[in-house]
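Please open the structure in your viewer and keep the selection panel at hand. The stops below are meant to be taken in order, each with something to select and something to look for.

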Amino acid sequence: MNARIQRVRSTGPLVSRIVAALFGGYALAALSSVAVLALPLSKPQAVLTGMLASFAIYTAAVVWVFAVRNALKAWAGLTIVAAALLPLAWSVS
Amino acid sequence: MNSDNDQRVAGRGIRQTMSSLHTWTGLLLGWILYAMFLTGTVSYFKDELSQWMRPELARLSEIPDQAVVAQRIADEFGKTLAGASQWSMRLPDARNNSVYAFWRTSARSPGQRGFGEAYFDPATGGKVTSRETLGGDFFYRFHFQFHYMPVVWGRWIAGAAAMFMLVAIVSGVITHKKIFVDFFTFRWGRRQRSWLDAHNALAVFGLPFHLMITYTGLVTLMALYMPWGERVAFKTPAERQQLAAELSAFIPPGKPSGQNVPLASVEEMVRQAQERWGRDQVGRVNAVHPGDAAARVAVTRGDPGRVSMSPQYLEFEGATGKLLAVRENVGGAAETRGVFYALHLGRFSDTVTRWLYFLVSFMGTAMVGTGLVMWTVKRRQQLPDPDRPYFGFRLVERLNIAGIAGLSVAMTAFLWGNRLLPHPLEGRAELEIHLFFIVWALTLLHALARPARSAWVEQLWAASVLLSLLPVLNAMTTQRPLWHSLAEGDWIFAGMDIMCWALAWLHAALAMRTARQSAVSPSRSKANRRAPVTVASSEGAG
């Protein structure tokens, strides 16, 4: 039992980061591709801008997740940016 | 392997974490990436490869008048495709000696297939009677959607691989602060250092290209990967059509009137487009509800000569031939997307630019390949018992052999199949593809059965022999051997033969080099393992 806890303690944060990178990163990119609709652009151009930029945002999120000192900070960073984007995305939907 | 847990991650600097990120994103989908890179690289010559794979179809020594050809094929459709609700033809140009067309039939009778496609002879208007093959389009489609699976799955896998690649590139750059110093460092004959230096040199030299090609690759399918903005923004079909018109030559799908009116002169319509863009610059002719009073025809500009895939087209009323609209501009974001798309496909290129695309892309393939090999080379030195490596190591080692050397064998086998399978033969095009995968699977079995070094050497030799004999096979099975194509100035066939020999030489050189290394490997010098401090601090990707 102890050994198992030990294993979770050691691999847990890494798994958490991988989840944050794969899914958190995608969610953030998707959210930004919606939030961009709040920009003063025509709808088709705004939609395309969101799509075009999304992969850069995804990449930046992944790099962030693995660059910071711990998994908690990784999630915190994603959450803060998401919180900033959410009202924008909300305003257009 | 076990040094990547989070506690270690926490205590390390950003370059070390980025190095790990680079290693694992590069490795996990590395074989898929390698296959995407290599099939993508050869796809820059997709049209030429398709011509080579349909040797019965005569070479066009000059481009026929596209307006005349368009009328010829439209007449053919008028006779044979009376019920079609839509057809689309790609006209012959400098790289295509046939007309590719597809069509939809409104499924009035239940037994009818809704979709059809075929190649037509521009000289006669009849269907091409060449051997049935997917041609270069097989590698092209495999490059972004693979095979034996639903198209959408394949595209998602390709997208995931491209995303991993993008992360691997960015983390690779962060790992190498001294990226340009590293470029001028090449330590020959030092095993791991040589692999690392080769990987770095290839990566740095091609860096702008790799970044561009990966990002633009994602852009080609971005509507699939990131549909959320579109879903939120557009509520009605009319709004969605507004977006579609920014992305491709789009004719609003109106309802047919039910009243039969033959199509006006397609030749005249293409003629107007030629006046606008130039004689050989027309790409496609699309018709919706041809033969109906409500017919619409779009004549689209071709890809050569402009670095954008944004749609430029003339829209005509089908029944009268009246020009309804000229569309040559799209919005800023749409134009950005059009340029990205064009940069990825490189169809705007003239011959020299296309060769540059091919070479840099080939270097990208080599970069992925050297990265994969480095993973094992680096870890082999740290194995507790080099004769009995752990499972993960053996897995990567074997997948590398089949993924890299095996793919060369399989791709060449595909071309052999094209020359050897009889025709006509039911399902011939699909058999060529089965052959590709059967041979690829055999190379994996071979890699599992043989000692790693021998497997490398044998498969590289196999690829070399198959490649070097392909021009001989071509001379024996077609009317277009090398001496003939050289005399005729047929550079597609001659170029193919010469390229086969160049690639055969490359594989032979790699095989000999690998064999030589096997011979010296037992007395692996300790010198490589000295100075662990330098290695740890300057270690880049790996």
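The tour goes through the two chains, their contact, the cores, the sheet and a few backbone details of this predicted model.

**The two chains**

Begin by colouring by chain and selecting chain A, whose secondary structure consists of three helices and zero strands, in the order α-α-α along the sequence. Turn chain A until its principal axes lie along the screen, and its C-alpha trace spans about 60 × 20 × 20 Å. The radius of gyration of chain A is 16 Å, whereas a compact globule of 93 residues would have one near 12 Å. Of those 93 residues, 41% are buried, and 69% of the contacts in chain A with a separation of 6 or more are between residues 24 or more positions apart.

Switch next to chain B, which holds 22 helices and seven strands. Of its 542 residues, 43% are buried, and residues 24 or more positions apart provide 70% of its contacts with a separation of 6 or more. For a sense of scale, select the C-alpha atoms of H22(B) and A294(B), which stand 272 residues apart along the chain and are separated by 56 Å. H22(B) itself sits in helix α2 of chain B, residues 14-28, and it counts as buried because it has 26 C-beta neighbours inside 10 Å.

**Where the chains meet**

Show both chains again and select the residues in contact between them: 34 residues come from chain B and 34 residues from chain A. On the side of chain B, the helices that each supply at least two residues include α2, α7 (151-175), α10 (207-220) and α15 (332-345). Coloured by residue class, that side of chain B divides into 20 nonpolar, nine polar and five charged residues.

A good residue to centre on is L166(B), which touches F55(A) and T59(A) as well as T214(B) and Y215(B), leaving aside residues up to four places away in sequence.

**The nonpolar cores**

Stay with L166(B), since together with Y34(B) it has the most contacts inside the largest nonpolar core, a set of 121 residues. Highlight helix α17 of chain B, residues 391-420, and you have the element that gives the most to this core, with 14 residues. Another core of 35 residues lies apart from it, and selecting L91(B), W277(B), V299(B) and A319(B) will show you some of its members.

**The sheet of chain B**

Now select the strands of chain B, seven of which form an open, antiparallel sheet in the order β3-β2-β1-β4-β5-β6-β7. Its edges are β3 (115-120) and β7 (323-327), each of which pairs on one side only. Looking across the sheet, you will find neighbouring strands turned by 15 degrees against each other on average, direction ignored.

Zoom in on strand β2 of chain B, residues 99-105, which runs antiparallel to β3(B) and is joined to it by six bridges. One residue to label here is W103(B), whose bridge partner in β3(B) is G116(B). Add helix α5 of chain B, residues 66-80, which packs on the sheet and touches β1, β2, β3 and β4, its direction making about 150 degrees with that of β1(B).

**An enclosed helix**

Select helix α4 of chain B, residues 46-53, where eight of the eight residues are buried, so that the helix is largely enclosed by the rest of the structure. Among the buried residues of α4(B) are K46(B), D47(B) and E48(B), along with W52(B).

**Backbone details**

Most residues other than glycine have a negative phi, and most peptide bonds are trans. With that in mind, go to H423(B) and P424(B), which are joined by a cis peptide bond with omega of about 5 degrees. P424(B) belongs to the loop between α17 and α18 of chain B.

Two further residues to select are Y148(B), which has a positive phi of about 60 degrees although it is not a glycine, and H289(B), whose phi is also positive, near 50 degrees. Y148(B) lies in the loop between α6 and α7 of chain B, and H289(B) in the loop between β4 and β5.

Which of these is buried and which is exposed? Y148(B) counts as exposed because it has 9 C-beta neighbours inside 10 Å, while H289(B) is buried, with 24 other C-beta atoms within 10 Å.

Terms used: Residues numbered from 1 in each chain as written. Chains lettered and ligands numbered in written order. Predicted model: local features only at pLDDT ≥ 70, side-chain atom pairs only at ≥ 80, totals over all residues. Helix = DSSP H or I, 4+ residues; strand = E, 2+ residues; numbered from the N terminus. Buried ≥ 20, exposed ≤ 12 C-beta atoms within 10 Å, placed from the backbone. Contact = placed C-beta atoms within 7 Å. Rg over C-alpha atoms; globule rule 2.2 N^0.38 Å. Core = buried A, V, L, I, M, F, W, Y, C linked by C-beta atoms within 7 Å. Pairing = 2+ DSSP bridges. Axes fitted to C-alpha atoms, helices over the stretch in contact; angles between N-to-C directions. Nonpolar A, V, L, I, M, F, W, Y, C, P; charged D, E, K, R; others polar.
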